[in-house]
Amino acid sequence: MTADAGRPDEAVTEDPADTATDAVEEGAAPRRRRMWLPAALAATVALALGVPALVASGTSASGASTLAVPADDSPEAGFARDMATHHQQAVDLSFVVRDRTADEPTRTLAFDIINTQANQRGMMMGWLDQWGLSQHSTATPMAWMKMGHEYQAHDGSLMPGMATNTQIAKLRTLSGRDAEVYYLQLMIEHHKGGVEMAQGYVDKAGNDAEKRLAQSMVVAQTSELQLMTDMLEERGAAPGVPAS
């Protein structure tokens with residue numbers, strides 16, 4: 001975790017609604033305004049789900065059955081743990097680029113990812129606590145997906161899409177446009193991995209509320225993938241992390 005990531009109060013010092021208002025008043029381009037909307041919507045959906053829907057009653061708000069207390073090796077527990085880890089790195093990367101560029105669109109995107117994914121991570125950690133399960137496991141990451149093959153963790157990259165320690169260190173050395181481009185390239189790969197995992201849980205879900213959260217991640221991050229690709233094109237770059 002970065003030093004900045006240890007300052008969660010900074011992640012909530014701005015109101016995304018204020019950012020959007022400023023954009024309208026200043027005549028900002030539509031792309032600027034839509035930048036935070038998909039993930040902000042995902043955060044709103046996540047908050048609406050609530051912890052109580054996952055525990056105690058055994059039924060969701062819609063009346064569909066849910067798993068009151070998932071097993072320690074269940075997809076519910078595995079997804080919550082692994083996606084929380086995946087989200088934490090996205091937050092860390094976003095804190096890094098926030099301090100490496102003055103570019104407003106990049107900082108707005110980073111701010112949105114920090115707030116949305118930190119919020120969702122907190123929800124997943126809270127669910128594990130409510131279930132009486134450890135927030136950590138010795139199981140291989142994403143083993144609950146039963147993909148038939150295991151991702152070979154290396155240099156701090158524990159799951160598909162996660163940046164390596166070497167890549168994060170490189171991002172810390174860059175500034176301005178170079179930092180923006182490298183961050184976007186890393187985050188595109190990160191989102192691809194996140195979407196794959198979230199969809200994997202949607203396909204296996206035994207808990208309606210957690211499934212809705214995962215589906216909101218698929219929708220929001222898929223939208224952000226296109227946004228980040230467009231941002232790279234504006235900077236004369238393309239997706240794909242260059243070899244270090």
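**Salt bridges in the predicted model**

R235 is buried in this predicted model, its relative accessible area being 13%. Its salt-bridge partner E234 has a relative accessible area of 48% and is partly exposed. In the bridge between E234 and R235, the closest N and O atoms lie 3.6 Å apart. Both residues belong to a network of salt bridges that also includes D103 and E180. In total, seven salt bridges were counted in the model.

A second pair also joins a buried residue to a partly exposed one. R81 has a relative accessible area of 6% and is therefore buried, the limit being under 20%. D72, in contrast, is partly exposed, with a relative accessibility of 42%. The salt bridge between R81 and D72 has its closest N and O atoms 2.5 Å apart. Because the cut-off for a salt bridge is within 4 Å, this pair is included in the count.

A further salt bridge is found in helix 7, which covers residues 176-204. Here K192 pairs with E189, and the closest N and O atoms are 3.6 Å apart. The two residues are three positions apart in the helix, so about one helical turn separates K192 from E189. K192 is partly exposed at 44% relative accessibility. E189 is likewise partly exposed, with a relative accessible area of 29%. Both values fall between the limits of 20% and 50%, which is why neither residue is classed as buried or exposed.

Key
Residues are numbered from 1 along each chain as its sequence is written. This is a predicted model: local features need pLDDT of at least 70, side-chain atom pairs count only at pLDDT 80 or more; totals for chains, interfaces and linings use all residues. Side-chain values use heavy atoms; hydrogens and water are left out. A salt bridge is a side-chain nitrogen of Lys or Arg within 4 Å of a carboxyl oxygen of Asp or Glu. Buried means under 20% relative accessible area, exposed over 50%, partly exposed in between (1.4 Å probe, protein chains only). Helices (H or I, at least four residues) and strands (E, at least two) are DSSP runs, numbered from the N terminus.
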